[in-house]
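Thanks for making the time, everyone. I would like to take you through one chain, slowly, and say what the computed values do and do not tell us.

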Amino acid sequence: RDDDDINDVTSMAGVNLNEESARIMATNSDLVGTQIQSCKDEPFLAAIPLHKRILEMAKKLGITDVPAEVVTFISHATQNRLRTVIEKVTVITQHRMESYKDDEWYEQATDVRSQLKFFEQLERLEKQRKDEQEREILLKAAKSRSRQEDPEQARLKQKAKEMQQQELAQMRQRDANLTALAAIGPRKKRKLDAPGLLAGGGEGAGLCGGSQAGLGTASPRQYPRQKITRVNLRDFIFYMEQERQMSRSLLLYRALLK
């Protein structure tokens, strides 16, 4: 008779509480009466060596007994600390590897690499000019036919002779290399380098059709290459310099000495 009561809001909305309760119990029947348990606590570090190390340090402070809960807590704390260090150093490495050349909000002010290349080219040209001058002096000394020659003139002639022999040997070596390359012929591409095999697996199968049996092997499946972040010592030193606990540590000074 409760359903017929005009003051019952659920009955006015057309909702039967008994039916809804039965439906909920039927839907979640597999969860009723179940007991949820946490997973097994697996320590990050080996328990026996860690316990032994903690006991050695505790004996210096007059502590003779260290429970197993302390070992587990220190193991989890070490894992958490290591995870934090790795995350921060990874962020530092990613910032170091980030390039701003294609960013529209940045413009290049200086290009040290181009400046170094320019100076290297100047040094190369200067060295080439000095070598040409020395070569001309040696060639003049080799062509001179004076009867009375001083030791300096004889030394220049000998050096010119050695230079000519070295140039002749270089020319012969270069001709031999060219002959060997011509005898070998052009380098043949491997099957993995062929453009048809580098395409997707579905497209390659559709284009080749029944010719896969003639090839003997199907096209290699292309897997996405995982991006690897390589952390070097400089990134780790930068991290230690920013950390308050490690900015004056002995580990930082040892890393700076390497």
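I will begin with the confidence and the overall make-up, then turn to a few individual residues, and finish with the pocket.

Please keep in mind throughout that this is a predicted model. The mean pLDDT of the chain is 77, and 72% of the residues reach 70 or more. The confidence varies from element to element: helix α4, residues 68–97, has the highest mean pLDDT, at 92, while the lowest, at 43, belongs to helix α7, residues 201–208. Over residues 194–216 the pLDDT stays under 50, and for this stretch the model has 12 contacts beyond four places in sequence.

As for the make-up, the chain has 10 helices and zero strands, so that reading from the N terminus one simply goes α-α-α-α-α-α-α-α-α-α. Of the 258 residues in the chain, 10% are buried. If we take the contacts with a separation of 6 or more, 49% of them are between residues 24 or more positions apart.

Let me now come to the aromatic side chains. A pair of aromatic rings is described by two quantities, the distance of the centres and the angle of the planes. How many aromatic pairs does the count come to? It comes to two, and one that I would like to show is formed by F236 and Y239, whose rings are 6.0 Å apart centre to centre with 40 degrees between the planes, which makes the pair tilted. Both residues lie in helix α9, residues 233–242, and they are three residues apart, about one turn of the helix. Are these two residues buried or exposed? F236 has a relative accessible area of 26% and is therefore partly exposed, whereas Y239, at 2% relative accessibility, counts as buried.

Moving along the chain, we reach E243, which is found in the loop between α9 and α10, the latter being residues 250–257. E243 counts as buried because its relative accessibility is 11%, under the cut-off of 20%. Which residues is E243 in contact with, leaving aside its neighbours within four places in sequence? They are R81 and K88.

Two further residues illustrate positions that are separated in sequence. P67 sits in the loop between α3, residues 47–59, and α4, and at 39% relative accessibility P67 counts as partly exposed. P67 and H51 are 16 residues apart in sequence, and their C-alpha atoms are 8.8 Å apart in space. A154, in turn, lies in helix α6, residues 151–184, and is also partly exposed, with a relative accessible area of 37%. Between A154 and A141, 13 residues apart along the chain, the C-alpha separation is 8.4 Å.

That leaves the pocket. Rolling a probe the size of a water molecule over the atoms shows where empty space is left. The largest pocket has a volume of about 330 Å³. It is lined by 13 residues, and the closest to the centre of the pocket are S99, K101, Q108, T110 and D111. How does the lining of the largest pocket divide by residue type? Three of the lining residues are nonpolar, four are polar and six are charged.

To close where I started, any reading of residues 194–216 should be set beside their pLDDT, which stays under 50. I am happy to take questions.

Conventions:
Residues are numbered from 1 along each chain as its sequence is written. This is a predicted model: local features need pLDDT of at least 70, side-chain atom pairs count only at pLDDT 80 or more; totals for chains, interfaces and linings use all residues. Side-chain values use heavy atoms; hydrogens and water are left out. On a 1 Å grid over the protein atoms alone, a cavity is a set of points where a 1.4 Å probe fits but cannot get out, and a pocket is an open set with protein on both sides within 12 Å along at least five of seven lines; lining residues have an atom within 4 Å of a point. Grid points are joined across faces, edges and corners, and a volume is the space filled by probe spheres set on the points. Ala, Val, Leu, Ile, Met, Phe, Trp, Tyr, Cys and Pro count as nonpolar, Asp, Glu, Lys and Arg as charged, and the others, Gly among them, as polar. pLDDT is the predictor's confidence in each residue, from 0 to 100. Helices (H or I, at least four residues) and strands (E, at least two) are DSSP runs, numbered from the N terminus. Contact means heavy atoms within 4.5 Å. Rings of Phe, Tyr and Trp (its six-membered ring) pair if their centres lie within 6.5 Å; planes under 30 degrees apart count as stacked, over 60 as edge-to-face and the rest as tilted. Buried means under 20% relative accessible area, exposed over 50%, partly exposed in between (1.4 Å probe, protein chains only).
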